[in-house]
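Trainee: I would like to go through the terms used for this model and see what each one rests on. Where do we start?

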Amino acid sequence: MIESSAAHRQQLLFAVLVTLGMTAAVGGALGFEHIGGYIPCALCLLQRDPYYYGIPLGILAILTSVLKLPAWMTRTLLVLVGILMLVGAGIGVYHAGAEWHFWEGPSTCATTAQGISSDVGDLLGDLDAKHAPSCTDAALRVLGLSFAGWNVIASLILAAIALRGAAKA
């Protein structure tokens, strides 16, 4: 009985960590878009999808643990989150490789330029503030890595947390 309670607490901890991590990662991406003015390319948007699917699964994992439902439910949800994060890492590797010109990127990388004004007077100001998306040119590099590169690292860490939590029961 004590072991079961400790297993639930550990699963809860891992579920909370991975869910907060996913929320922070996608929140950072949205911050760069809406505050920093970086318009995401098609691959950038695609890399967010595992987070958008993973966050609700993480919340469900938290709930199943808090409600002390069978451990297999929490474990299954954490495995699904882990798989989603591995998929996200794979997309990030593809994107980063295209940015480093290791391989060809997608033939088209068009997205809609959200937030650009239709007012001609504001158009030049918007063009200065917004950065055009490109799947093969990194918009910004921090410590030598682009957003795609950092997503690979974040996704792998989050996958490890989720899968470790799934193994704890």
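Mentor: With a leucine. L145 lies in strand β2, residues 145–146, and L145 is partly exposed, with a relative accessible area of 27%. The model is a predicted one.

Trainee: Why is L145 called partly exposed?

Mentor: Buried means under 20% relative accessible area and exposed means over 50%. L145 has 27%, so it falls in between and is partly exposed. In space, the C-alpha atoms of L145 and A96 are separated by 8.5 Å, with their positions 49 residues apart along the chain.

Trainee: What makes up the secondary structure of the protein?

Mentor: The protein has 5 helices and 2 strands. From the N terminus on, their order is α-α-α-α-β-β-α. Of the 169 residues in the protein, 36% are buried.

Trainee: How do you know that the length of helix α2 agrees with its number of residues?

Mentor: The expected span is 1.5 Å times one less than the number of residues. Helix α2, residues 42–66, has 25 residues and should therefore span 36 Å; its end C-alpha atoms are 37 Å apart, which agrees.

Trainee: Where in α2 is the kink?

Mentor: At G54, shortly before the proline P56, with an angle of about 25°. The angle is taken between axes fitted to the seven residues ending at a position and the seven starting there.

Trainee: How many residues do α3 and α5 have, and what spans do they reach?

Mentor: α3 has 29 residues and reaches 42 Å from its first C-alpha to its last, close to the expected 42 Å. α5 has 21 residues and reaches 30 Å, close to the expected 30 Å.

Trainee: What follows α2 and α3 in the chain?

Mentor: α2 is followed by K68, whose phi is positive, near 55°. K68 is not a glycine, and it lies in the loop between α2 and α3. α3 is followed by H101, whose phi is positive, near 60°.

Trainee: Is K68 buried or exposed?

Mentor: The cut-off for exposed is over 50%. K68 has 58% relative accessibility, so it counts as exposed.

Trainee: What makes W100 partly exposed?

Mentor: W100 has a relative accessible area of 43%, which is between the two cut-offs of 20% and 50%, so it is partly exposed. W100 is in the loop between α3 and α4, the latter being residues 120–129. Its C-alpha is 9.7 Å from that of S146, although W100 and S146 are 46 residues apart in sequence.

Trainee: How do you know that C41 and C44 are not in a disulfide?

Mentor: A disulfide needs two cysteine sulfur atoms within 2.5 Å. The structure holds 0 disulfides. For C41, the nearest cysteine sulfur is that of C44, 3.3 Å away, so the pair does not meet the cut-off. For C44, the nearest cysteine sulfur is that of C41, and C44 is likewise in no disulfide.

Trainee: Is C41 buried or exposed?

Mentor: C41 has a relative accessible area of 1%, which is under 20%, so C41 is buried.

Trainee: Which residues form the nonpolar patch on the surface?

Mentor: V79, L80, I83, L86, V87, L156 and L163, with about 530 Å² of accessible area together. α3, residues 71–99, and α5, residues 147–167, each supply at least two of them. The largest share, 5 residues, comes from α3.

Trainee: Why can L163 belong to a patch?

Mentor: A patch residue must have over 30% relative accessible area. L163, in helix α5, has 34%, so it passes that cut-off, and it counts as partly exposed.

Trainee: Which residues of α5 are buried?

Mentor: Among them are A148, G149, V152, S155, A159 and A162. R164 is also found in α5, but it counts as partly exposed at 47% relative accessibility. The C-alpha atoms of R164 and L78 are 8.7 Å apart, against 86 residues in sequence.

Trainee: What makes L63 partly exposed?

Mentor: L63 has a relative accessible area of 42%, between 20% and 50%, so it is partly exposed. L63 lies in helix α2, and its C-alpha is separated by 8.5 Å from that of L12, which is 51 residues apart from it along the chain.

Key. Residues numbered from 1 in each chain as written. Predicted model: local features only at pLDDT ≥ 70, side-chain atom pairs only at ≥ 80, totals over all residues. Heavy atoms only, no water. Patch = residues over 30% accessible without salt bridge, like charges linked within 9 Å, V, L, I, M, F, W, Y side chains within 5 Å. Areas by Shrake-Rupley, 256 points an atom, 1.4 Å probe, with all protein chains shown as cover. Salt bridge = Lys/Arg side-chain N within 4 Å of Asp/Glu carboxyl O. Helix = DSSP H or I, 4+ residues; strand = E, 2+ residues; numbered from the N terminus. Buried < 20%, exposed > 50% of the residue type's maximum accessible area, 1.4 Å probe, protein only.
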